[in-house]
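Here are some notes for a colleague who is opening this entry for the first time. They are meant to be read beside the sequence and the coordinates, one point after another.

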Amino acid sequence: MRLLGPFSEKKLGPDSAGAGEGRFEAQGKGLFITLKGISKSYAAVSALAELDLAIPPGSIFGIIGKSGAGKSTLLRIMSLLESPDRGEVYYGGERVDTLRGAALRERQRKMGMIFQNFNLMSSRNVSGNISYPLEIGGMHKRRIQERVEELLELVDIRDKRKARLRELSGGQKQRVAIARALAASPEILFCDEATSALDPMTTRSILSLIQGLREKLRITVVLITHQMEVIRAICEEVAVLYEGRLAERGTVEEVFANPRSAAARELLTGRGGSAGGIND
Ligand SMILES: Nc1ncnc2c1ncn2[C@@H]1O[C@H](COP(=O)(O)OP(=O)(O)OP(=O)(O)O)[C@@H](O)[C@H]1O
Ligand SMILES: [Mg+2]
């Protein structure tokens, strides 16, 4: 059973089983994210190897794998925080992994990120955290105040606008982090284990918030997690990583009903396959 049944049922149209690239075009204002032949090593550790992946605009795309599979590395490369050793990253038709300086910063302003540990600034209150990227971006003070109010409303924490971070629950902190991530109206929201520190009920409320935001703002959401129930709750498609390689990719329905890789089966059942992950 799905964690968020009512939210999940309307996610996909009748043609959702196919892998056609046009499927999500009507939903998203964003761009196709395409990764080609991505490899990344840290000293002797191969974190990613020859990875190809395409993420449709407007989708909620899940990336799952065991600890150390390369999920965060992939997210850092996809979000242009890190460069691959080999391979290419495209947003739409534009190659973006080679961007530097002002062009890179401009691109990065169009994406938001949230993390397991929230990465908020304890020296600032709730509004101050949300306004930070707008201040950096040089927005007029008056407009920042208006935008912060819009964002507080969007994530439903208006009554906490003046609160210190230590006065907030984990779920409320993640709402602040989401508001901050969305401040500059990004096209893509990257989530790295965004619900892993939260209890199941708070996880559900944050996932339904993310799902609602995707529908309202027409953004692309890339969500990495080691929790199968998170993928099942809100993702449309999922990529399974195993030791830095793509073990499997498909719709959530396909992968849950009929996992083809040992890595996916292991994540679903908690039991590994004898071939070690990628192969049957
Ligand atoms: N900056 C780094 N320096 C050295 N090794 C790194 C670095 N970042 C990642 N690695 C290594 O690359 C591999 C993949 O790490 P990554 O953080 O991408 O995994 P993950 O799937 O996000 O794991 P987790 O679920 O535990 O967060 C691991 O073996 C890790 O030790
Ligand atoms: Mg990680």
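**Notes on the predicted model**

1. Helix α6, residues 170-182, has 13 residues, which at 1.5 Å a residue should span 18 Å, and its end C-alpha atoms are indeed 18 Å apart, so the expected and the computed lengths agree. Please keep in mind throughout that this is a predicted model.

2. The surroundings of α6 deserve a look as well, since the helix is mostly covered, with 10 of its 13 residues buried. The buried residues are Lys173, Gln174, Arg175, Val176, Ala177, Ile178, Ala179, Arg180, Ala181 and Leu182. What covers them includes the strands β6 (111-115) and β7 (188-192), together with the helices α4, α5 (141-154) and α7 (200-217).

3. Helix α4, which spans residues 126-136, contains Gly128. Is Gly128 buried or partly exposed? Gly128 has 19 other C-beta atoms within 10 Å, and because a residue counts as buried only from 20 such atoms upwards, Gly128 is classed as partly exposed. Gly128 and Val148 are 20 residues apart in sequence, while their C-alpha atoms are 8.9 Å apart in space.

4. For the chain as a whole, there are 10 helices and 10 strands. Of the 280 residues in the protein chain, 42% are buried. Among the contacts with a separation of 6 or more, 67% come from residues that are 24 or more positions apart.

5. Strand β1, residues 33-42, pairs with β2 in the antiparallel sense, over 7 bridges. One pair that can be located in the viewer is Lys40, whose bridge partner in β2 is Leu48. The hairpin that β1 and β2 form has 2 residues between the strands, and in this hairpin Ala43 takes a positive phi near 50°.

6. Which residues surround ligand 1? The shell consists of Tyr42, Val45, Ala47, Gly65, Ser67, Gly68, Ala69, Gly70, Lys71, Ser72, Thr73 and His226. The elements that give two or more residues to this shell are β2 (45-55) and α2 (71-78), and α2 gives the most, with 3 residues. Sorted by class, the shell around ligand 1 has 7 polar, 4 nonpolar and 1 charged residues.

7. Points 5 and 6 can usefully be read together, in that β2 is both the antiparallel partner of β1 and one of the elements that give two or more residues to the shell around ligand 1.

Definitions and conventions: Residues are numbered from 1 along each chain as its sequence is written. Chains are lettered from A and ligands numbered from 1 in the order in which they are written. This is a predicted model: local features need pLDDT of at least 70, side-chain atom pairs count only at pLDDT 80 or more; totals for chains, interfaces and linings use all residues. A residue is near a molecule or strand if its C-beta atom, placed from the backbone, lies within 6 Å of it. Helices (H or I, at least four residues) and strands (E, at least two) are DSSP runs, numbered from the N terminus. Ala, Val, Leu, Ile, Met, Phe, Trp, Tyr, Cys and Pro count as nonpolar, Asp, Glu, Lys and Arg as charged, and the others, Gly among them, as polar. Two strands pair if DSSP finds at least two bridges between them. A residue is buried if 20 or more other C-beta atoms lie within 10 Å of its own, exposed if 12 or fewer, and partly exposed in between; C-beta atoms are placed from the backbone. Two residues are in contact if their C-beta atoms, placed from the backbone, lie within 7 Å. The expected span of a helix is 1.5 Å times one less than its number of residues.
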